[in-house]
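Q: Hi! Could you walk me through this one? I'm new to reading structures.

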Amino acid sequence: PQAVVPYAATWRQPFMEEQRDTWTPENTDAKFPRLFLNATQNSVYSSHWLMNGAYLRLKNAQLGYNLPTSIISRAKIQKARLYVTGENLWEVSKMWLKSYDPEVPTGANYQYPFFRTYSLGLNLTF
């Protein structure tokens, strides 16, 4: 549960918007309990932290186009292919911590934000 507890140590600052929704006397309906610096009471296992891990994800896709030989043969090119690729393009999840990756194993204490990657390329054969 330490992955969801900001201020569990002095170096663990809140990095997600969800972690800013903590209990205060004015905010009693918060997702996160009251913050305690260097304390362990917020990292005790609890059903509060259970989330539905069901998700659907588009992991990768590539679109390409082969340029016509009538155009590229003048430049002494045999083949030319333009393409665009993407990794981790889309997902839908029922997890209430939207910045968490449902593929990370249970008990993972440290997580990095989920990244999307796009690439554009050109393959040439002479």
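**Strands, a patch and a buried asparagine**

A: Happy to! Let's begin with Leu82, which is partly exposed, with a relative accessible area of 39%. Keep in mind that this is a predicted model.

Q: Cool. Where is Leu82 found?

A: Leu82 belongs to strand β2, which covers residues 79–93.

Q: And which residues make the nonpolar surface patch?

A: Leu82 is one of them, along with Tyr65, Leu122, Leu124 and Phe126. Together they make a patch of about 520 Å².

Q: OK, back to the strands. How does β1 run relative to β2, parallel or antiparallel?

A: Antiparallel: strand β1 (residues 55–66) is joined to β2 by 11 bridges. To see one pairing, look at Leu56, whose bridge partner in β2 is Val92.

Q: How many bridges are there between β2 and β3?

A: There are 9, and that pair is antiparallel too. Strand β3 covers residues 117–125. You can find Ala80 opposite Leu124 of β3, and Leu124 also belongs to the nonpolar patch we just talked about.

Q: New topic: is Asn88 buried or exposed?

A: Asn88 is buried, because its relative accessible area is 18% and the cut-off for buried is under 20%. Asn88 sits in strand β2.

Q: What does the side chain of Asn88 reach?

A: The side chain reaches the backbone oxygen of Phe115, at 3.4 Å.

Q: Which residues does Asn88 touch, leaving out those up to four places away in sequence?

A: Asn88 touches Arg57, Leu58 and Lys59, and also Phe114, Phe115 and Arg116.

Q: What about the phi of Asn88, positive or negative?

A: Positive, at about 55°, although Asn88 is not a glycine. Lys76 is also not a glycine, and its phi is positive at about 60°.

Q: Where is Lys76 found?

A: Lys76 is in the loop between α1 and β2. With a relative accessible area of 69%, Lys76 is exposed.

Q: You mentioned α1. Which residues does that helix cover?

A: Helix α1 covers residues 69–72, and Thr69 is found there.

Q: Why is Thr69 exposed?

A: Thr69 counts as exposed because its relative accessible area is 53%, and the cut-off for exposed is over 50%.

Q: Last one: what separates the C-alpha atoms of Thr69 and Ala80?

A: They are 8.2 Å apart in space, while Thr69 and Ala80 are 11 residues apart along the chain. Ala80 is the residue that stands opposite Leu124 in β3.

Conventions: Residues are numbered from 1 along each chain as its sequence is written. This is a predicted model: local features need pLDDT of at least 70, side-chain atom pairs count only at pLDDT 80 or more; totals for chains, interfaces and linings use all residues. Side-chain values use heavy atoms; hydrogens and water are left out. Patches are made of residues with over 30% relative accessible area and no salt bridge: like charges are joined within 9 Å, nonpolar side chains (Val, Leu, Ile, Met, Phe, Trp, Tyr) within 5 Å. Accessible areas come from the Shrake-Rupley method with a 1.4 Å probe; for residues, only the protein chains shown count as cover. A salt bridge is a side-chain nitrogen of Lys or Arg within 4 Å of a carboxyl oxygen of Asp or Glu. Helices (H or I, at least four residues) and strands (E, at least two) are DSSP runs, numbered from the N terminus. Buried means under 20% relative accessible area, exposed over 50%, partly exposed in between (1.4 Å probe, protein chains only). A polar contact is a pair of N or O atoms within 3.5 Å; within protein, one must be able to donate a hydrogen and the other to accept it, and residues adjacent in sequence count only if both atoms are side-chain atoms. Contact means heavy atoms within 4.5 Å. Two strands pair if DSSP finds at least two bridges between them.
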